[in-house]
Every structure is written in C-alpha cells, then in structure tokens.
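Visitor: I'd like to know where the labels come from. Can you walk me through a few of them?

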Amino acid sequence: NIMEGARNFIGSQYQNAKEQISGVLSGEKSIGQAFGDFWDGTKANAMDSLAKATGGQKGLMIAMYGAFRKAGFTDAQSRYMMAECGRENSFRESVIFGYHIDPKNGALNVGMFSWQGSRGKQLQSLLAAKGLLSANGMARGQVSLDVQAQFIMQEMKTTEARSGSMFLARPNITDAEAIEILGGKYIRWALNNPKYRAGGLRNRAHWLAEVNKALEGVPLDSAG
C-alpha cells in the first residue's frame with residue numbers, strides 16, 4: 001500500500017506539472033498563478049496519496065458505490081458513474097468533497113463531477129441544508145457522498161432529464177452507451193475534442209478497472 005501511495009503521488013504530480021505548464025504555454029495563466037496552483041495541487045496530492053497508502057481509496061470507492069445504489073442507480077450505472085469520477089478527479093478526496101477553480105474558465109467547481117454555475121449552487125444548497133458545508137468544502141464521509149448521488153438522480157429526473165432519461169432507461173447500460181450518454185451528454189466533458197478524447201477515455205478505462213477491482217466481493221445490492 002505504501003508503494004501504491006508513492007506511485008499515486010508521482011503520477012498525480014506528473015499530471016499536476018503537465019497541467020500547469022500547459023496553462024502557461026496556452027496563455028491561460030501566468031507563471032505565478034501556475035506556481036500557486038502547482039503548490040495547491042501538491043498539497044492535495046500528498047493527502048490523497050496518504051489516504052491511498054492506508055487503504056483509504058478502496059474504502060472511498062465502496063462508500064461511493066453504496067451512495068449510488070442507495071440513490072437508485074443500478075450496478076452497471078453506478079460503476080460507470082464511478083469511472084467518470086475517476087477520470088474527472090482520480091478519486092482525490094480533496095476534490096470529491098471540496099472546491100477547486102477550473103483552469104480553463106476560472107469557474108468554481110464543486111464536488112465529484114466539478115459542477116459549476118447554477119448546478120454547483122444547487123448542490124451547495126442541498127449540502128448546506130444538511131449542515132454539511134463549510135468554507136473549505138463539504139464534510140468528508142458517507143452522508144456527503146449520499147447527497148451528491150441523490151443530486152445526480154434529481155438532476156437526471158428534472159433539469160438534466162434529456163440525458164438522464166436515456167441513462168436511467170438502461171439499467172444494464174453498456175460501456176459505449178455510458179461514455180456517450182453520461183460522459184458526453186450529462187457531465188459534458190470534452191469527449192468530442194480530439195485533443196482530449198483519447199487521453200480522457202484511457203484515463204476513464206483505467207479507473208473503471210480500479211473500481212471493478214475495489215468492488216470485488218461487494219454485494220451487488222449494496223447500499224453502503
């Protein structure tokens with residue numbers, strides 16, 4: 001586990017440095033901003049790698065799976081949700097339970113799927129109503145995961161029903177369907193941008209494998 005945590009930290013730091021260099025070269029941020037963001041990322045990566053070294057990441061995955069099942073998602077739907085979470089934030093607790101600034105547009109990102117704008121504010125309102133919100137983010141634990149999963153289900157039945165109805169109508173959704181419906185239409189990451197598609201899909205596939213490994217032996221009707 002210690003070696004796994006170390007490998008996780010090295011890999012995260014490589015991605016951290018790559019993102020900051022890209023931001024400077026593209027003109028999206030100054031060298032000073034990039035240095036500050038790199039240092040913030042380093043601190044977050046250190047904490048997340050420590051959690052992984054002590055077995056925390058597997059526990060987080062199992063807890064998240066339980067949250068999605070309790071919210072009403074099927075086994076397949078829950079696993080693909082988690083694969084997207086891994087692609088989005090590498091299962092970093094500091095992101096899943098916190099805020100961060102989007103390097104592309106400067107917007108405030110909230111929670112596991114980096115919700116922005118009115119969607120982020122709606123999630124914050126739900127969390128605040130349950131006493132789970134602070135200036136540093138949300139309380140870390142099962143309840144905050146449950147609220148985020150419930151928020152996704154709520155969106156899929158209301159404001160995001162166009163993609164949500166497609167996703168929910170497929171209890172045994174396939175990987176290819178989940179990529180297009182969940183990734184492309186609900187989360188709306190840069191799936192169709194040639195610059196990001198291949199890397200994003202590789203990252204997602206990696207995390208889907210990690211999720212499946214973590215969930216070995218977990219009852220398929222698990223509710224956390």
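Guide: Sure, starting with exposure: buried means under 20% relative accessible area, exposed over 50%, and partly exposed in between (1.4 Å probe, protein chains only). This is a predicted model, where local features need pLDDT of at least 70, side-chain atom pairs count only at pLDDT 80 or more, and totals for chains, interfaces and linings use all residues. Residues are numbered from 1 along each chain as its sequence is written, and side-chain values use heavy atoms, with hydrogens and water left out.

Visitor: Why is Arg188 called partly exposed?

Guide: Arg188 has a relative accessible area of 45%, which lies between the 20% and 50% cut-offs, so partly exposed is the label.

Visitor: Where is Arg188 found?

Guide: In the loop between α9 (175-187) and α10 (197-214); helices are DSSP runs of H or I, at least four residues, numbered from the N terminus. Phi of Arg188 is near 65 degrees, a positive value in a residue other than glycine.

Visitor: And why does Ser90 count as partly exposed?

Guide: Relative accessibility for Ser90 is 23%, so Ser90 also falls between the two cut-offs. Ser90 sits in the loop between α4 (75-89) and α5 (93-96), and its phi, near 55 degrees, is positive too.

Visitor: What makes Leu60 buried?

Guide: Its relative accessible area is 7%, which is under 20%, so Leu60 is buried. Leu60 belongs to helix α3 (residues 56-71).

Visitor: Which residues is Leu60 in contact with, leaving aside neighbours within four places in sequence?

Guide: Phe91, Glu93, Ile96, Phe97 and Leu145, where contact means heavy atoms within 4.5 Å.

Notes:
Helices (H or I, at least four residues) and strands (E, at least two) are DSSP runs, numbered from the N terminus.
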